[in-house]
Amino acid sequence: MTDLNTRSQWFSGKRLILGGCVAAVVVAAGIGFVRLSSTPQGHSDVSSQSRKNPQRYATSAAEWASLTIEPVT
């Protein structure tokens with residue numbers, strides 16, 4: 001009976017709360033360390049070719065005039 005009483009004191013509410021807080025701080029520190037130590041990823045939706053040539057294609061007035069919309073058949 002004394003052994004059970006000693007174990008119940010070991011797992012008292014204050015110790016469980018303190019252990020949970022310590023675990024939360026350790027996990028938060030680990031996540032912060034991983035995020036700060038990793039290199040940021042660039043935008044993957046832009047191709048390397050478009051980054052090399054900053055000029056964009058400009059549509060001429062004749063091309064806009066010849067643009068038509070047709071129904072899908």
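**Confidence, fold and exposure of a predicted chain**

Biologist: What is the mean pLDDT of the protein chain?

Modeller: In the protein chain, 63% of the residues reach a pLDDT (the predictor's confidence in each residue, from 0 to 100) of 70 or more. This is a predicted model, in which local features need pLDDT of at least 70, side-chain atom pairs count only at pLDDT 80 or more, and totals for chains, interfaces and linings use all residues. Residues are numbered from 1 along each chain as its sequence is written, and side-chain values use heavy atoms, without hydrogens and water. The mean pLDDT of the protein chain is 78.

Biologist: In which helix is confidence highest?

Modeller: Helices are DSSP runs of H or I with at least four residues, and strands are runs of E with at least two, numbered from the N terminus. The protein chain has four helices and zero strands. Confidence is lowest in helix H3 (residues 48–52), at a mean of 61. The highest value, 91, belongs to helix H4 (residues 61–65).

Biologist: Why does valine 26 count as exposed?

Modeller: Valine 26 lies in helix H2 (residues 13–37). Buried means under 20% relative accessible area and exposed over 50%, with partly exposed in between (1.4 Å probe, protein chains only). Valine 26 counts as exposed because its relative accessibility is 55%.
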